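This report describes the fold of one protein chain, from its overall make-up to selected residues. Please keep the sequence and the structure in view while reading.

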Amino acid sequence: MAYIPPHKRHLADDSLSSPTPDLLVPQFRKNLNLRSSGSHGDRRKEKQAWKEGKIIYADHSTSRWCVVGLTDDNQFPAYVVLEPISLGSIERRTGEKPLTLVDSRRGKENSEMGGIISKSPWIYVAENVKQDLLSYFENVRNEMEFNKLKEVKPSLVARFGKILFHGNPSAETEARKNLVTEAKLRQFKRLFYTNVPSSYRENIIDGVVPKIGVDFEEEKEVYQVKLSDLTSPDSTISCKCTVIQYEKKLELYKNIKYLMEIEVNQLRHLVVDVSCIDKNLDLRLMLYTKRILTSLTDDEKQSINSLISSAILDPDVKGGLRWPLGKKSSGDRYNVVGVWHTKAKSYTNSLVRLRVRDADRFDFRTSAGEVTREITLKMTGVVSQLRESKVEVESVSDKLKDTLKLVWDHFLSSACSFT
C-alpha cells in the first residue's frame, strides 16, 4: 500500500477535519509516554535552552519517551528502581548526581518476563514509531525539495547510552524510597547520555561487527571547527576539516561532489528515547537533517578559509586546535566558538552504517571540554525506503523491524558499567 502524505489525503466525511500533528503520532500508551508537565513558559525556556546549546529542533517536530518492559497493567515492575550514577561531566554541568532506572535483579538469576512486549520489543517500538516516522519524513521531504540555499541530507539513527533524570533534588529521596511511577518521573528533567564505556566500544568492534555482516568501510580522522555567524545568531556553522600532513595545517574537507562540507546546525525532526529496563543500555531513535551550505559567496568562503588555515595543531590542548592571539575571528562576522577532533571507524551493509567514534570536544564559550566514545547506527535501509517517490508503508515497516531487531539482539546488552 502506497503511503499518502497527510496534506494530500481526501476525507470521505466532510465533517471530519484534517488530522492535526497530535493525531498523526502514536501515543505510546502501553509503553508509557511521558510528556512535559511544565507550563507553556517552561517549554519556551526549554526551547531557548536548546537554541543556546545549538541543538535545533524543526518548527514541526516532536521529542518523546517510552519505556519497554512494563507490566500488563502498564506499571513499572517492583524490581525497577531509581539509583544515582556517578558521571563527572554531568555533575559538573548540572551540579548534582543524576539518577537512572535500574533493574535491581541484575546480577541475579532473572526469570523470563511474559507478554508480547518483552518477547518482541522491537516489533512494538517499530509499530509505535512508524506513523511518526512517515509523518515527519514528509517535513524532511519538503525541506529537501524547497531549500535552495543548502544541500539537505536526511538521516535516521539509533544511538546507545543511558537516559538520566535530574533537576529535582527534593523529589529524589521520595522517588528512591518507593515504587517508580509516572507521576514521580514527571518531576525530573531528562537527558540522554551517549558516552559509552570503553568495554562496550571494544565489544562492538570485536564481538558485534563480525556477527552482523557489516564490512569495514573507512577510518577517518576529522577536525570540525565551529563558528558563530553574527548575521545568524541562532546558528552555528560547522566546518569539516582534514590535515595537510606535509604542512601540518588544516584544510576544508570536500565531499564526493567537491562541495566544501560547511554545515549549519543539524535540524532534529523526531526524537524517541526508549528506556529498556531489562537491558544494560537505553536507545535513542532520531530523525534529523544535515544541511550543507551551497550558496556561500567568495568573500564568505575566504573569511572561513582564513580562520581554518590559521589554526595550529596542538595535541596538548582540548579539541586539538588553538589559534594565535587575535586570530579566532574573521572581520566582524565569524568567530571560532568550538572544535571537535574525532577519529571514527565505519562499517556498512545494505541495511545499516555503523560508526564507532572517539571525540575530543572543546567549547570556547564555556571553556568546557569532554572526551567521549560514541556508537551510532545509521538506518540507511529505512531512509532509502522513505525517499522513494511512492513510499510503501509495509516495506518501511519491515525494514524498521529488521533494523530494530538487530539493535535489540546486539547493541543493548553488554556487561559494561557507566560508573
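## Overall composition and surface

What is the accessible surface of the protein chain, and what percentage of it belongs to carbon and sulfur atoms? The accessible surface amounts to about 21500 Å², and carbon and sulfur atoms hold 48% of that area. The model is a predicted one.

The protein chain has 419 residues, of which 49% are buried. Its secondary structure consists of 11 helices and 16 strands. Among contacts with a separation of 6 or more, 71% involve residues 24 or more positions apart.

## Confidence of the prediction

The average pLDDT of the protein chain is 82, and 79% of the residues reach a score of at least 70. Two stretches fall well short of that score. Over residues 3-52 the pLDDT stays under 50; the model nevertheless has 71 contacts for this stretch beyond four places in sequence. Residues 110-117 also have a pLDDT below 50, with 13 contacts in the model beyond near neighbours in sequence.

## Three strands joined by hairpins

Strand β14, residues 334-348, runs antiparallel to strand β15, residues 353-363, and 11 bridges join the two. The connection between β14 and β15 is a hairpin of 4 residues. Within this pairing, K343 lies opposite D358 of β15.

On the other side of the next turn, β15 pairs with strand β16, residues 368-378, again in the antiparallel sense and over 11 bridges. D363 has A368 in β16 as its bridge partner. The hairpin between β15 and β16 has 4 residues between the strands, and S367 in this turn has a positive phi of about 55°.

## Two buried arginines

R357 belongs to strand β15. Why does R357 count as buried? The relative accessible area of R357 is 9%, and R357 is therefore buried, since the limit for that class is under 20%. Beyond its neighbours within four places in sequence, R357 contacts Q224, W340, T342, K343, A344, T372, R373 and E374. Of these, W340, T342, K343 and A344 fall in the residue range of β14, while T372, R373 and E374 fall in that of β16.

R284 is located in strand β10, residues 282-293. R284 is likewise classed as buried because its relative accessibility is 13%. The side chain of R284 forms a polar contact with the side chain of D273 at 2.7 Å. Leaving out residues up to four places away in sequence, R284 touches V157, A158, R159, F192, R268, V271, V272 and D273.

## Nonpolar cores

Which residues have the most contacts inside the largest nonpolar core? They are F160, L283, W408 and F411, in a core of 51 residues. Helix α5, residues 121-146, gives the most to this core, contributing 9 residues. A second core, separate from this one, has 23 residues, including Y223, V264, L321 and V339.

W408 illustrates the surroundings of one core residue. Not counting residues up to four places away in sequence, W408 touches V68, P121, W122, V125, V274, C276, K279 and L283. Among these, P121, W122 and V125 lie within the residue range of helix α5, and L283 is, like W408, one of the residues with the most contacts inside the core.

Definitions and conventions:
Residues are numbered from 1 along each chain as its sequence is written. This is a predicted model: local features need pLDDT of at least 70, side-chain atom pairs count only at pLDDT 80 or more; totals for chains, interfaces and linings use all residues. Side-chain values use heavy atoms; hydrogens and water are left out. Two strands pair if DSSP finds at least two bridges between them. Buried means under 20% relative accessible area, exposed over 50%, partly exposed in between (1.4 Å probe, protein chains only). Contact means heavy atoms within 4.5 Å. Accessible areas come from the Shrake-Rupley method with a 1.4 Å probe; for residues, only the protein chains shown count as cover. pLDDT is the predictor's confidence in each residue, from 0 to 100. A polar contact is a pair of N or O atoms within 3.5 Å; within protein, one must be able to donate a hydrogen and the other to accept it, and residues adjacent in sequence count only if both atoms are side-chain atoms. A nonpolar core is a set of buried Ala, Val, Leu, Ile, Met, Phe, Trp, Tyr and Cys residues joined through side-chain atoms within 4.5 Å.
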